[in-house]
Amino acid sequence: SGGIEQIPPASRTTTLALTGQTVDGGSWSTAQQGAGKVGVVNVWGSWCPPCVGETPALQQAWTAYQQAGKPVAFVGVDKMESSESGAAFLSTHGVTYPSINDRASEGAPVVALAGSAPATPSTLVLDRQGRIAARVSGPVTEITLRTLVDAVLAES
């Protein structure tokens with residue numbers, strides 16, 4: 001729907017603990033992302049036209065944060081397709097942050113999201129404690145994502 005929700009720090013109750021097999025056969029978990037980082041979780045699928053459309057914006061934001069040395073970690077959650085299809089899509093589109101494959105992870109990532117990302121695509125911004133600080137239901141633009149992440153980075 002394109003809805004954007006920001007959750008004030010005092011109202012944040014949902015802490016995400018994601019874990020799973022990446023599309024390239026590795027493993028990823030929120031515990032591995034590094035303590036004290038702001039997290040971005042993007043739920044996507046190569047079969048989803050809005051997901052395809054938002055991919056460059058996500059990669060541009062990720063690259064900008066990496067180049068600036070900001071404490072931000074990105075992960076994708078690839079839904080409803082094989083790891084091979086997800087990996088091919090990421091390679092074709094030059095995506096360099098990791099993506100968990102929901103199918104290869106036996107559905108655990110979607111279960112861990114506990115309804116917090118009901119649409120595909122959905123993007124969640126996690127605060128430094130791993131709590132959901134913002135949510136975008138539908139495609140996200142780079143400026144929207146960076147505005148949401150920067151707001152969480154600025155929190156003390």
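A disulfide, defined as a pair of cysteine sulfur atoms within 2.5 Å, joins Cys48 to Cys51 with an S to S distance of 2.4 Å. The structure holds one disulfide. The torsion about the S-S bond of Cys48 and Cys51 is about 75°, so the disulfide is right-handed. Both Cys48 and Cys51 are buried (under 20% relative accessible area, with exposed over 50% and partly exposed in between; 1.4 Å probe, protein chains only).

This is a predicted model, in which local features need pLDDT of at least 70 and side-chain atom pairs count only at pLDDT 80 or more, while totals for chains, interfaces and linings use all residues. Residues are numbered from 1 along each chain as its sequence is written, and side-chain values use heavy atoms, leaving out hydrogens and water.

Helix 4 offers a view of the interior. Its buried residues are Leu145, Leu148, Val149, Val152 and Leu153. Seen down the axis of helix 4, these fall within an arc of 140° (taken from the directions from the helix axis to the C-beta atoms), so they line one face of the helix. Their cover includes strand 1 (3–6), strand 4 (38–44) and helix 1 (49–67); helices (H or I, at least four residues) and strands (E, at least two) are DSSP runs, numbered from the N terminus.

The largest nonpolar core (buried Ala, Val, Leu, Ile, Met, Phe, Trp, Tyr and Cys residues joined through side-chain atoms within 4.5 Å) has 26 residues; Val38, Tyr65, Val72, Phe74, Val125, Leu145 and Val149 touch the most other members. A second, separate core of 14 residues includes Leu18, Val75, Ile100 and Leu126.

Terms used
Contact means heavy atoms within 4.5 Å.
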